[in-house]
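User: I would like to learn how to read a fold from its coordinates. Could you walk me through one?

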Amino acid sequence: METTRKRIAETLREGPATASDLSESLSLPTPVVYEHLEHVSRSVADAAADEEFLVAPPECRDCGFDGFDDPVNEPSRCPECKSERIGEPAFVIR
């Protein structure tokens with residue numbers, strides 16, 4: 001049986017996914033998925049393969065701000081307009 005991180009990596013090699021998507025498909029709580037994503041991103045960066053862990057950053061649905069400090073995290077509020085309507089970041093391995 002594959003580890004959770006290997007299953008996440010394989011899913012991201014198939015196409016982009018949000019933490020909620022991964023949470024649903026792997027039956028894991030979303031905060032746990034974010035913890036695993038940090039490790040997966042480091043593993044991909046450390047590997048000798050020609051792969052990249054890419055992140056489409058979260059975006060405020062009200063003002064469009066997307067310059068969040070930590071894209072491998074789900075912010076609770078926009079620093080610009082203070083809106084809580086934040087889209088999730090999407091992840092992919094290419």
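**Reading the fold step by step**

Analyst: Happy to. Going along the sequence, the protein chain runs α-β-α-α-β-β-β-β. That amounts to 3 helices and 5 strands. Keep in mind that this is a predicted model.

User: Thanks! What does the radius of gyration say about the overall shape?

Analyst: The idea is to set the value against what a compact globule of that length would have. For 94 residues that would be near 12 Å, and the protein chain, at 14 Å, agrees with it. The C-alpha trace spans about 45 × 30 × 20 Å along its principal axes.

User: What share of the residues is buried, and what does the surface consist of?

Analyst: Of the 94 residues, 35% count as buried, where buried means under 20% relative accessible area. The accessible surface comes to about 5900 Å², and carbon and sulfur atoms account for 44% of that.

User: Which part of the contacts links residues 24 or more positions apart?

Analyst: Such pairs make up 52% of the contacts in the protein chain with a separation of 6 or more.

User: Now a single helix, please. Where do the buried residues of α2 lie around its axis?

Analyst: First the general idea: an α-helix has 3.6 residues a turn, so residues three or four places apart point the same way. In helix α2, residues 19-26, the buried ones are Ala19, Leu22, Ser23 and Leu26. These cover an arc of only 105° around the axis, which puts them on the same side of α2.

User: And what covers the buried residues of α2?

Analyst: The cover includes α1 (4-14), β1 (17-18), α3 (30-46) and β5 (90-93). Look also just past the end of α2, where Ser27 takes a positive phi of about 55°.

User: Let's turn to the interior. Which residues have the most contacts inside the largest nonpolar core?

Analyst: They are Leu12, Leu37 and Phe53, in a core of 17 residues. At least two of the core residues come from each of α1, α2, α3 and β5. The biggest contribution is that of α3, with 5 residues.

User: With which residues is Phe53 in contact, leaving aside its neighbours within four places in sequence?

Analyst: Phe53 contacts Leu12, Leu37, Val40, Ser41, Val44, Val72, Phe91, Val92 and Ile93. Apart from the largest core lies another, of 5 residues, including Cys60, Phe65, Phe68 and Ile86.

Definitions and conventions: Residues are numbered from 1 along each chain as its sequence is written. This is a predicted model: local features need pLDDT of at least 70, side-chain atom pairs count only at pLDDT 80 or more; totals for chains, interfaces and linings use all residues. Side-chain values use heavy atoms; hydrogens and water are left out. Buried means under 20% relative accessible area, exposed over 50%, partly exposed in between (1.4 Å probe, protein chains only). Helices (H or I, at least four residues) and strands (E, at least two) are DSSP runs, numbered from the N terminus. The arc is that of the directions from the helix axis to the C-beta atoms. Contact means heavy atoms within 4.5 Å. A nonpolar core is a set of buried Ala, Val, Leu, Ile, Met, Phe, Trp, Tyr and Cys residues joined through side-chain atoms within 4.5 Å. The radius of gyration is taken over C-alpha atoms; the globule rule is 2.2 Å times the number of residues to the power 0.38. Accessible areas come from the Shrake-Rupley method with a 1.4 Å probe; for residues, only the protein chains shown count as cover.
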